[in-house]
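Trainee: I would be grateful for a close look at a single part of this structure, the lining of the largest cavity. Which classes of residue make up that lining?

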Amino acid sequence: MSDIDVDGALATFLELVQIDSPTYGERPIIERIARELEALGLPVTNDRTGRDGAGNLHARLTGSRGDLPPLLLCAHTDTVEPGRGVKPTVRDGVVRTDGRTVLGADNKASVTALLEAVGTTIRHNVPHRDVDLLFTWGEERGHAGAAAFDPAPLRARMGVTLDDTADPGHITVAAPAYCSILARFLGKAAHAGDAPELGVSAIVAAAEAVRRLPLGRIDHETTANVGLIRGGSARNTVPGAVELEGEARSLDNAKLERLVARMRDGLEAAARETGTTLDLVIKQEYPAYRWPESADVVGEATAAVRLA
């Protein structure tokens with residue numbers, strides 16, 4: 001599309017990254033996107049399934065090419081932390097932060113691309129198919145917005161999500177299965193100076209668990225991680241409770257099942273060894289998928305990349 005306004009797209013991107021939109025705080029950017037789509041004449045709905053008025057934003061661009069099937073284009077609106085108070089700068093053609101925060105290009109670069117593509121299509125009257133536009137909340141926390149979205153209003157039966165770290169010109173046709181893991185170790189609090197022998201440290205249990213868990217790169221398809229540990233109340237208190245959050249991923253569903261079983265065994269063994277109680281929640285958020293080269297959506301995406 002030769003009529004893309006590169007300077008305008010950059011200005012939009014720089015504006016969007018300065019809108020705070022951490023997970024569960026997406027309302028300001030959802031409202032900003034809605035205003036732009038409505039100004040372009042598109043019908044827009046917000047399902048309000050997020051927090052504080054945030055939700056999944058759905059808009060439809062009615063096309064003139066009835067010979068082509070409708071297409072879904074999707075991006076998410078939330079960013080990871082630290083993502084508040086972003087101060088972007090442009091240097092040597094590259095947008096950077098001041099080093100205190102993430103930039104938020106994940107996924108605001110994709111949001112910008114979709115807004116610019118829709119605006120250019122409308123302004124220049126480019127023939128196009130019907131397009132469903134979907135902007136989801138809560139992607140960085142287990143795709144919460146996508147899980148909450150009711151797909152009934154969608155006309156499209158195939159779609160593309162713009163959210164990858166690959167270089168331009170690549171498409172992703174597979175994604176791993178994902179399990180979230182929440183482990184709560186319950187010990188017994190005690191004063192660490194007066195009577196430490198009366199306490200049972202939940203931090204010791206969590207540390208033993210981490211030592212036992214298979215973590216990092218398990219194989220070329222499989223990874224595991226512990227990303228959060230919360231617990232304790234004071235330096236002079238034997239901690240009675242600790243939460244540990246982790247994840248496991250694999251492109252092979254059977255490998256993920258075996259890995260999660262090993263992680264469960266490690267967590268349970270740590271609780272037994274340290275005399276703590278374990279409250280464990282393991283949830284498979286979604287299964288792995290892989291599109292074959294023969295799939296229509298792969299052919300459409302490949303053809304689009306070659307034309308770019």
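Mentor: Six nonpolar, two polar and one charged residues form the lining of the largest cavity. In this classification, Ala, Val, Leu, Ile, Met, Phe, Trp, Tyr, Cys and Pro are nonpolar, Asp, Glu, Lys and Arg are charged, and the others, Gly among them, are polar. The lining residues are Ile181, Leu213, Asn225, Val226, Leu244, Gly246, Glu247, Met263 and Leu267. The charged one is therefore Glu247, and the polar ones are Asn225 and Gly246.

Please bear in mind that this is a predicted model, in which local features need pLDDT of at least 70 and side-chain atom pairs count only at pLDDT 80 or more, whereas totals for chains, interfaces and linings use all residues. Residues are numbered from 1 along each chain as its sequence is written, and side-chain values rest on heavy atoms, with hydrogens and water left out.

A cavity here is a set of points on a 1 Å grid over the protein atoms alone where a 1.4 Å probe fits but cannot get out, and its lining residues have an atom within 4 Å of a point. The whole structure has one cavity of 30 Å³ or more, and the volume of the largest cavity is about 30 Å³. That volume is the space filled by probe spheres set on the points, which are joined across faces, edges and corners.

Let us turn to the elements around the cavity. At least two lining residues come from each of β12 (222-231), β14 (241-250) and α6 (253-274). The largest share, three residues, belongs to β14. Helices (H or I, at least four residues) and strands (E, at least two) are DSSP runs numbered from the N terminus; the chain has seven helices and 16 strands.

These elements also carry charged pairs. Side chains of opposite charge can pair when their charged atoms come close. Glu245 and Arg230 form a salt bridge, with their closest N and O atoms 2.5 Å apart. This pair links distant parts of the chain, since Glu245 is in strand β14 and Arg230 in strand β12, 15 residues apart. A salt bridge means a side-chain nitrogen of Lys or Arg within 4 Å of a carboxyl oxygen of Asp or Glu. Glu245 is partly exposed at a relative accessible area of 29%, and Arg230 is likewise partly exposed at 35%; the bounds are under 20% for buried and over 50% for exposed, with partly exposed in between (1.4 Å probe, protein chains only). Both residues belong to a network of salt bridges that also includes Arg184, Glu243 and Asp279.

The helix α6 has a charged pair as well. Glu273 meets Arg212 in a salt bridge whose closest N and O atoms are 2.6 Å apart. Glu273 lies in helix α6 and Arg212 in helix α5 (residues 202-212), so this pair ties together parts that are 61 residues apart in sequence. Arg212 counts as partly exposed, with 33% relative accessibility.

For the wider setting, the structure holds 22 salt bridges, and 40% of the 308 residues of the chain count as buried. Among contacts (heavy atoms within 4.5 Å) between residues at least 6 apart in sequence, 73% join residues at least 24 apart. Taken along the principal axes, the C-alpha atoms of the chain fill a box of roughly 75 × 45 × 40 Å.

Terms used. On a 1 Å grid over the protein atoms alone, a cavity is a set of points where a 1.4 Å probe fits but cannot get out, and a pocket is an open set with protein on both sides within 12 Å along at least five of seven lines; lining residues have an atom within 4 Å of a point.
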